[in-house]
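Student: I would like to go through the terms used for this model and see what each one rests on.

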Amino acid sequence: MAATRTFSIIKPDATRRNLTGAVTKMLEEAGLRVVASKRIQMSREQAEGFYAVHSERPFFGDLVDFMIGGPVVVQVLEGEDAVKRNRDVMGATNPSDAAEGTIRKAYAESIEANSVHGSDSDENAKIEIDFFFKPEEIVG
Ligand code: CMP
């Protein structure tokens with residue numbers, strides 16, 4: 001199967017605890033290659049736009065506040081079946097449900113402060129990559 005791409009965010013709870021390298025190591029060990037990466041401070045408008053699909057959910061306001069509460073690292077990851085590979089190594093959204101050996105089991109603090117985001121489909125991966133990266137910023 002050919003390599004595909006997915007989009008990842010290392011969230012503010014993880015950057016605050018200096019876990020950028022530790023999280024990235026787990027991604028790489030899962031067979032994913034970082035083909036783009038930048039540390040940014042998301043604006044409220046960016047966070048609201050990125051999470052627009054959740055705008056009617058009760059946790060939306062808190063989610064946006066959390067995501068702009070500190071720097072994040074946005075990344076493009078490449079590998080065989082990248083979306084699924086990344087979701088497998090991230091673990092369940094709620095760390096209390098996350099399996100041993102996953103990033104969220106190792107590092108997440110709560111369902112909100114859950115250390116990483118990953119695209120849920122190839123279609124959304126493309127949308128999310130395009131939201132944060134210009135084509136020339138991605139070097140495979
Ligand atoms: P993420 O993959 O970034 O997509 C939406 C985020 O909303 C999710 O991870 C969680 O961190 C966050 N979130 C906060 N509260 C909830 C909740 N009750 N159910 C699902 N997601 C939640």
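Tutor: A residue is near a molecule if one of its heavy atoms lies within 4 Å of it. The model is predicted: local features need pLDDT of at least 70 and side-chain atom pairs 80 or more, while totals for chains, interfaces and linings use all residues. Residues are numbered from 1 along each chain as its sequence is written, and side-chain values use heavy atoms, without hydrogens and water.

Student: Which residues surround the ligand?

Tutor: Among them are K11, Y51, H54, R104, E112, N114 and H117.

Student: What makes the pair of K11 and the ligand a polar contact?

Tutor: A polar contact is a pair of N or O atoms within 3.5 Å. A side-chain N or O atom of K11 is 2.7 Å from a ligand oxygen, so the pair qualifies. For Y51 the value is 2.6 Å, and for N114 3.2 Å. The protein buries 78% of the 450 Å² that the ligand exposes alone (Shrake-Rupley method, 1.4 Å probe).

Student: Why is N86 called buried or exposed?

Tutor: Buried means under 20% relative accessible area, exposed over 50%, partly exposed in between (1.4 Å probe, protein chains only). N86 has 0%, so N86 is buried. N86 is in helix 5 (helices are DSSP runs of H or I, at least four residues; strands are E runs, at least two).

Student: How do you know that strand 2 and strand 3 pair?

Tutor: Pairing takes at least two DSSP bridges. Seven join these antiparallel strands, so strand 2 and strand 3 pair. The partner of R39 in strand 3 is V73.

Key. Polar contact = N/O pair within 3.5 Å; in protein donor to acceptor, adjacent residues only side chain to side chain.
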